[in-house]
Each structure stands twice: as C-alpha cells, then as structure tokens.
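Got your viewer open? Here's a short tour, one selection at a time.

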Amino acid sequence: MKAITLLGSTGSIGTQTLEIVAQNPEKFRIVGIAAGRNVEMLAAQIKQFKPIIAAIFAEEKLPELKEAIKDVDPQPILLAGNEGVIEVARHGDAETVVTGIVGCAGLLPTVAAIEAGKDIALANKETLIAGGPVVLPLVAKHGVKLLPADSEHSAIFQCLQGVPEGGLRKILLTASGGAFRDWETEKLAQVTVADALKHPNWSMGRKITVDSATLMNKGLEVIEAHFLFGLDYSNIQIVIHPQSIIHSLIELQDTSVLAQLGWPDMRLPLLYALSFPERIYTEWERLDLVKAGNLTFREPDHQKYPCMNLAYTAGQAGGSMPAVLNAANEQAVALFLEEKIKFLDIPRSIELVCDRHRDRNRLNPTLDDILTADRWARQEVLQVTQELKSSSDVISLR
C-alpha cells in the first residue's frame with residue numbers, strides 16, 4: 001500500500017486524487033493532507049481519510065478546523081500557514097507527494113518534499129516553470145522521481161516508456177483551444193469572466209480555466225515540457241485539438257509518432273502518477289473511437305492567443321524570466337477574475353512586466369532569486385494595470 005501526501009486537497013486535483021484513493025483502498029493510503037482555506041471540505045476529508053498530519057494555509061481558520069474535527073480519533077497533527085503546509089510536505093513515511101496547489105505557492109512545499117526524499121506527482125506546473133533551474137538539480141541530488149500528473153505531460157511521459165535515450169525528436173502538445181476557440185478575435189474585447197470560465201471540455205479550477213482561454217496554460221506547458229523532457233523550445237509545438245481525446249504526442253527520430261488517447265478525465269494522469277510503473281484496473285468509461293468520432297487538428301491563432309508567444313519568449317530567455325511570466329500571469333488572472341481588468345489586459349500587462357524584467361534577468365537563479373522575481377512581478381502587474389487604466393481613461397476623455 002503506497003503512502004500518499006496530498007497538497008491542495010480541496011481543489012479539483014485534490015478531490016480527484018482522493019476519489020482515486022477511496023476507490024483503491026488496498027493500493028493507497030493518505031498520510032498527510034493540506035488545503036487553502038475551505039474548512040468544511042478539509043474537515044470532511046480528514047474524517048474520511050484519517051491522515052497523520054494536516055494543515056490549512058489560512059492561519060485564521062485553524063481554530064475553526066480544530067473544532068470541526070474534535071471528534072476524530074486519532075487526532076491528526078494540525079498545523080497552519082505556509083510553514084504548516086511545508087511541514088506536511090516533508091512529513092513521515094509518505095512515498096509520493098501530490099502537488100495540487102495552484103500557482104507558485106506550490107514551489108516551496110515541493111522543494112521541501114524533494115529534500116525529504118519523496119517522489120513528486122507533479123500537478124503544479126508552476127514548480128518547474130518558475131523553479132526549474134533549482135528543482136531539477138534537487139531531484140537529481142536526492143534521487144527522487146518527478147512524475148507528471150497533468151494530462152499533457154503524463155501523455156508524453158507514457159509515450160516515452162520504452163523509447164531509447166536520444167530517441168525523442170519532437171513534442172506535440174495538444175490544446176482544446178479553451179472557451180474562445182470558435183470566437184472571432186475582434187469579440188475578445190467584450191469577454192466577461194463568465195465567458196472565460198465556460199470551458200468546452202474540461203472541469204478545472206477558475207484560474208486554470210482562464211489560462212486555457214488565453215492559451216497561457218499551453219505556453220506554460222511548453223516551458224514545463226522543456227524542463228521535464230529536455231527538448232529545445234524549437235522542438236515543442238502546440239496544436240489545437242478541439243475534441244481533447246489525444247492528450248499529446250511525441251515524434252521519434254525515425255518520424256514515427258506516438259500518442260496517448262482517452263476521454264477528458266484528470267483522474268487518468270493522476271492514477272498513472274500514483275501507481276507508476278503499475279497499471280491499475282478501473283471501471284471508468286473506456287474510450288470508444290466510434291463514439292469519439294472525428295479527431296481534428298489546426299494551428300493555433302497567434303493573434304487570438306498572444307500569451308503563447310510570450311511563454312516561448314520567456315522560456316527561451318531562461319533564468320528568472322519564466323518565474324516573472326508565471327507570477328505576472330497569476331496576478332493578472334486574479335485581477336481579471338475580480339473584474340478589475342479586462343480580458344485583453346492579461347497579455348498586455350504580462351508583456352509589459354516581462355519587458356521590464358529583461359535587464360534584471362538572472363540567468364542562473366537561486367531559489368531566493370526566483371522568489372524575489374515572483375514577488376516583484378506581482379507588484380509590477382499592479383503598477384502596470386494602473387498605468388493601462390490611466391491611459392485608457394485619458395483616451396476615453398478625448
């Protein structure tokens with residue numbers, strides 16, 4: 001029975017991971033669990049899975065959590081705040097830590113888990129995007145596995161099993177195209193938050209759904225693929241695949257192309273990351289190619305999705321630039337979800353912040369450099385969006 005620690009237990013990754021654990025009690029057990037601020041859901045998870053240790057990021061919620069689980073026996077070790085989450089990540093005999101925390105907040109707990117010798121089921125892409133120059137050497141130093149738990153990189157990882165070293169030639173990342181794949185580019189100026197959250201294929205959190213609408217999620221995945229699989233950016237291509245049946249493909253040196261297919265279901269990559277190298281039987285709906293019907297592909301519209309090019313540019317710049325791109329995107333998306341900026345202000349503000357970082361870029365960043373760049377970028381987005389708003393106000397007055 002594999003011991004699992006779960007970070008981000010109340011989000012979509014966390015709840016689906018716990019569904020897998022509940023369906024396979026003879027295969028997995030939960031040792032540690034951490035969440036953001038949803039006391040009610042976290043308390044229910046603690047009651048069901050009986051972890052040894054648990055943490056809630058929102059420190060002010062700790063008394064409420066203690067009260068909610070006062071009848072649980074045995075009582076878990078209860079912690080709070082970022083330090084509490086980090087302690088959960090490194091605690092005890094967990095073999096694998098599932099990193100389901102959204103955003104750069106997942107970086108420090110992941111580092112702690114690696115340093116404690118835990119394998120990582122990586123559902124937090126920002127860990128490598130922002131921290132790749134630091135995280136990869138740590139993975140090598142501590143001899144742990146870094147197992148991709150998101151759909152696209154899991155597909156690539158699965159296809160690579162049995163491919164000899166040096167056999168990989170190209171990666172093709174498939175993208176659904178998000179909420180606006182069938183919109184005219186001119187209509188994007190009128191996008192509302194509700195529009196951006198209507199993903200056609202996947203059920204995901206709000207931030208990731210907006211990233212899908214801008215296609216920044218795919219740009220970030222390009223950077224992640226570069227770190228995970230070692231290919232140059234020129235050999236990583238994005239392809240729009242509206243049906244989301246093919247989750248990604250690899251081209252080998254002899255031009256053979258391998259793909260991993262399945263219904264859009266995040267449980268599949270999560271299960272593989274948890275069970276690797278095993279394959280566990282499930283009762284989930286099996287793929288029916290006749291039912292799936294036509295599988296189509298098209299090149300992404302670079303005018304509609306400027307975030308793609310921003311990601312490639314940041315990745316090629318290297319150093320601390322991907323951390324700035326990621327942090328700027330997180331802050332801009334948060335402002336959009338709060339309806340403080342418009343949809344098209346997301347790529348505009350990210351581009352301006354990345355431009356301002358060019359002379360500050362650290363090519364061989366330390367962890368402190370990455371965290372400093374992250375904080376700077378978030379503040380800079382607030383400044384940039386105010387400047388954009390002021391210039392817009394001036395234009396409207398004219």
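Start by clicking on glycine 92, which comes after helix α4 and has a positive phi, near 65°. Keep in mind as you go that this is a predicted model.

**Back up into α4**

Now select residues 81-90, which make up helix α4. Which of its residues are buried? Colour Gly81, Gly84, Val85, Ile86, Val88 and Ala89 and you have them. A helix has 3.6 residues a turn, so residues three or four places apart point the same way. To see what covers the buried residues of α4, show the strands β1 (2-7), β2 (28-35), β3 (53-56), β4 (77-80) and β5 (96-99), along with helix α5 (107-115), which are among the covering elements.

**Over to glutamine 158**

Next, pick residues 151-160, helix α7, and find glutamine 158 in it. Is this side chain's residue buried or exposed? Glutamine 158 has a relative accessibility of 14%, so it counts as buried, the cut-off for that being under 20%. Show its contacts, leaving out residues up to four places away in sequence, and you'll find Gln260, Tyr272 and Arg279.

**The aromatic rings**

How many aromatic pairs does the structure hold? There are six. For a good look at one, select phenylalanine 336 and phenylalanine 343: their ring centres are 5.6 Å apart and the planes sit at 65°, so this pair is edge-to-face. The label follows because planes over 60 degrees apart count that way. Both partners are tucked away: phenylalanine 336 is buried at 2% relative accessibility, and phenylalanine 343 is buried at 5%. Then add Phe180 and Trp183 to the selection, since ring pairs link these two with Phe336 and Phe343 into a cluster.

**The annotated C-terminal span**

Now highlight residues 261-379, which an unreviewed UniProt entry lists as "domain: DXP reductoisomerase C-terminal". The span is 57% helix and 1% strand, and the C-alpha atoms at its ends lie 41 Å apart.

**Last stop: a leucine patch**

Turn on the surface and select Leu261, Leu287 and Leu289. Together they form a nonpolar surface patch with about 240 Å² of accessible area. Zoom in on leucine 287, in the loop that runs between α11 (267-275) and α12 (289-292). Why does leucine 287 count as partly exposed? Its relative accessible area is 32%, and partly exposed covers what lies between the under 20% of buried and the over 50% of exposed.

Terms used: Residues are numbered from 1 along each chain as its sequence is written. This is a predicted model: local features need pLDDT of at least 70, side-chain atom pairs count only at pLDDT 80 or more; totals for chains, interfaces and linings use all residues. Side-chain values use heavy atoms; hydrogens and water are left out. UniProt positions are given in the numbering used here, feature names are shortened, and annotations may be inferred rather than shown by experiment. Helices (H or I, at least four residues) and strands (E, at least two) are DSSP runs, numbered from the N terminus. Patches are made of residues with over 30% relative accessible area and no salt bridge: like charges are joined within 9 Å, nonpolar side chains (Val, Leu, Ile, Met, Phe, Trp, Tyr) within 5 Å. Accessible areas come from the Shrake-Rupley method with a 1.4 Å probe; for residues, only the protein chains shown count as cover. A salt bridge is a side-chain nitrogen of Lys or Arg within 4 Å of a carboxyl oxygen of Asp or Glu. Buried means under 20% relative accessible area, exposed over 50%, partly exposed in between (1.4 Å probe, protein chains only). Contact means heavy atoms within 4.5 Å. Rings of Phe, Tyr and Trp (its six-membered ring) pair if their centres lie within 6.5 Å; planes under 30 degrees apart count as stacked, over 60 as edge-to-face and the rest as tilted.
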